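Colleague: I have the sequence and the model open side by side, and I'd like a close look at one part of the fold. Could you pick a good starting point and follow it through to the parts around it?

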Amino acid sequence: MTSRACTIDVTNDLDELARVQTAIQNFSRSNALDDQAQHTLLLVVEELFVNIVRHGYEQAAADTVTIGISVMDDGRLRLEIHDQSEPFDVSKPPPSPEEVSLEDMKVGGLGVFLVHQLARQISWERRDGINRTQVVLDGI
């Protein structure tokens with residue numbers, strides 16, 4: 001039976017990225033995602049997770065980052081990431097690299113720009129101290 005959803009809880013440590021990637025690869029195989037959809041999903045999750053870990057915590061406080069992936073009824077993919085890092089609204093598109101020099105681009109700017117190029121929809125809210133990011137991607 002195919003699992004149409006996957007959730008993984010990891011600590012806010014870059015060493016956890018390998019576990020996240022393995023979970024995504026297993027989910028992709030289980031749901032017969034094509035190579036492009038899997039690649040896009042891996043890239044978006046990596047960009048967002050690395051930004052959270054590198055820039056979201058002022059101190060090395062341990063936290064749990066929850067990453068959920070599901071296949072929507074129309075075949076698109078829904079990615080949800082919940083964390084307690086500093087508030088950062090990833091739904092606001094940063095300037096394109098053509099508009100700002102690389103030296104002047106803000107932290108997270110290039111990766112977030114790439115996520116915006118790949119996503120169909122991005123939403124973010126902070127509720128009860130938790131960042132709740134949702135990204136919709138093309139899927140199956």
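Modeller: Happy to. Let's begin at the start of helix H2, where a side-chain oxygen of aspartate 34 comes to within 3.2 Å of the backbone nitrogen of glutamine 36. That is a polar contact, meaning a pair of N or O atoms within 3.5 Å; within protein, one must be able to donate a hydrogen and the other to accept it, and residues adjacent in sequence count only if both atoms are side-chain atoms. Keep in mind that this is a predicted model: local features need pLDDT of at least 70, side-chain atom pairs count only at pLDDT 80 or more, and totals for chains, interfaces and linings use all residues. Residues are numbered from 1 along each chain as its sequence is written, and side-chain values use heavy atoms, with hydrogens and water left out.

H2 covers residues 35–55, and its 21 residues reach 30 Å from the first C-alpha to the last. That is close to the 30 Å expected at 1.5 Å a residue, where the expected span is 1.5 Å times one less than the number of residues. Helices here are DSSP runs of H or I with at least four residues, strands are runs of E with at least two, and both are numbered from the N terminus.

Just ahead of H2, the loop from H1 holds alanine 32. Alanine 32 has a positive phi of about 55° although it is not a glycine. For context, most residues other than glycine have a negative phi. Alanine 32 counts as exposed because its relative accessibility is 60%; exposed means over 50% relative accessible area, buried under 20%, and partly exposed in between, with a 1.4 Å probe and protein chains only.

Now step into the helix itself. Leucine 42 lies in H2 and counts as buried because its relative accessibility is 17%. Leaving aside neighbours within four places in sequence, leucine 42 is in contact, which means heavy atoms within 4.5 Å, with Gln21, Ile24 and Gln25. Its C-alpha is 9.8 Å from that of serine 28, 14 residues away along the chain. With the same neighbours left aside, leucine 41 is in contact with Ile24, Phe27, Leu33, Ile69, Leu77 and Leu137.

Leucine 41 also belongs to the largest nonpolar core. Such a core is a set of buried Ala, Val, Leu, Ile, Met, Phe, Trp, Tyr and Cys residues joined through side-chain atoms within 4.5 Å. This one has 34 residues, and Phe27, Leu41, Leu48, Val65, Ile67, Leu79 and Val135 touch the most other members. At least two residues come from each of S1, H1, H2, S2 (64–71), S3, H3 and S5. H2 gives the largest share, 10 residues.

From the core it is natural to turn to strand S5, residues 130–137. Six of its eight residues are buried, so S5 is largely enclosed by the rest of the structure. Strand S3 (residues 77–83) runs antiparallel to S5 and is joined to it by seven bridges; strands pair if DSSP finds at least two bridges between them. In that pairing, histidine 82 has arginine 132 as its bridge partner. Strand S4 (residues 121–127) is also antiparallel to S5, again with seven bridges, and there isoleucine 122 partners valine 135. The hairpin of S4 and S5 has two residues between the strands. One residue of this loop, aspartate 128, has a positive phi near 55° without being a glycine. Aspartate 128 is exposed, with a relative accessible area of 70%.

Strand S1 is another contributor to the core. Its covered face is Cys6, Ile8 and Val10, while Ala5, Thr7, Asp9 and Thr11 form the uncovered one. Seven bridges join S1 to S2 in an antiparallel pair, with threonine 7 opposite glycine 68. After S1 (5–11), the loop to helix H1 (17–30) holds glutamate 16, which is buried at 13% relative accessible area. The side chain of glutamate 16 reaches the backbone nitrogen of threonine 11 at 3.0 Å.

To place all this in the chain, there are three helices and five strands, running β-α-α-β-β-α-β-β from the N terminus. Buried residues make up 44% of the 140 residues.
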